[in-house]
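Let us learn to read a protein model, one feature at a time. A learner asks and a teacher replies.

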Amino acid sequence: MKRIILALFVFSLASNTIMAQDRPVHEVYSMMVFNFTKYVQWPDHASSGEFIIGVIGNEDVYKTLTTWYGGKPRGNKTYVIKKFSSNSDLTDCHVVFIDKSKSNEFDAVNTKVKGKGTLVITDKNGLGEKGSAINFKTVDNKLKFELNQKAIEASNLKVSGALSSMAILI
């Protein structure tokens, strides 16, 4: 069963890479943020309500996530996408994406969500080592992602082996 899931995940990422060649980067980021949620387990996974993805600093990612995934079911929950202009506006989220244009907010956001079961995803070199759970990185002109295992553990999250196997581990 694990091999089937891994094969489907690899196929999904490969398909997204092929499609990404003709897609704007905000669409690729949106697809990947959404796909990451499928391979992470949150402490409150059994409860119902909203599954909140917050976006700081990228209107295009916010609009794409809202259009493509807002209102869709995730188990007993429903995806809700929220736009935050800064860390001071940030409320509880399951996922928060911080665009590189707002990377100066990373420390404040990371402090605010520490230990609350929030997956922090960033888009700037160096933020993976600094404590972002997932950080987008371009390697040889290909979009990759770093996975900071200590940040995942500190956030009380569990990541599937399939996601870990595709990442640059920190």
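**Reading the model step by step**

A: Start with a loop residue. D140 has a relative accessibility of 69%, so D140 counts as exposed. Keep in mind that this is a predicted model.

Q: Where is D140 found?

A: D140 sits in the loop between strand 7 (134–139) and strand 8 (142–147). N141 is found in that loop too. At 78% relative accessibility, N141 counts as exposed, because the cut-off for exposed is over 50%.

Q: How do I read the phi of D140?

A: Most residues other than glycine have a negative phi. Now the case here. D140 has a positive phi, near 50°. N141 also has a positive phi, near 65°. Neither D140 nor N141 is a glycine.

Q: What phi does G115 take?

A: The phi of G115 is positive, about 75°. G115 comes just after helix 4.

Q: Which residues of helix 4 are buried?

A: Helix 4 covers residues 106–113, and its buried residues are F106, V109 and V113. Look down the axis of helix 4: these buried residues fall within an arc of 70°, so they line one face of the helix.

Q: What do the buried residues of helix 4 pack against?

A: Their partners are strand 2 (49–56), strand 5 (95–98), strand 6 (119–122) and helix 5 (127–130).

Q: How is empty space found in a model?

A: Roll a probe the size of a water molecule over the atoms, and the space left empty shows up. In this protein, the second largest pocket holds about 180 Å³ of space.

Q: Which elements give two or more residues to the lining of the second largest pocket?

A: They are helix 4 and helix 6 (149–154). Helix 4 gives the most, with three residues. The lining includes N110, V113 and G115. Note the overlap: V113 is a buried residue of helix 4 and also lines this pocket.

Q: How many residues of each class are in the lining of the second largest pocket?

A: Five are nonpolar, six are polar and one is charged. Among the lining residues is K114.

Q: How many helices and strands does the protein have?

A: Seven helices and ten strands. The protein has 170 residues, and 44% of them count as buried. The protein exposes about 8,900 Å². Carbon and sulfur atoms supply 52% of that area.

Q: What share of contacts joins residues 24 or more positions apart?

A: Among contacts with a separation of 6 or more, the share is 58%.

Definitions and conventions: Residues numbered from 1 in each chain as written. Predicted model: local features only at pLDDT ≥ 70, side-chain atom pairs only at ≥ 80, totals over all residues. Heavy atoms only, no water. Helix = DSSP H or I, 4+ residues; strand = E, 2+ residues; numbered from the N terminus. Buried < 20%, exposed > 50% of the residue type's maximum accessible area, 1.4 Å probe, protein only. Contact = heavy atoms within 4.5 Å. Areas by Shrake-Rupley, 256 points an atom, 1.4 Å probe, with all protein chains shown as cover. Arc of directions from axis to C-beta. 1 Å grid on protein atoms, 1.4 Å probe; cavity = no way out; pocket = protein on both sides within 12 Å on 5 of 7 lines; lining within 4 Å. Points joined across faces, edges and corners; volume = space filled by probe spheres on them. Nonpolar A, V, L, I, M, F, W, Y, C, P; charged D, E, K, R; others polar.
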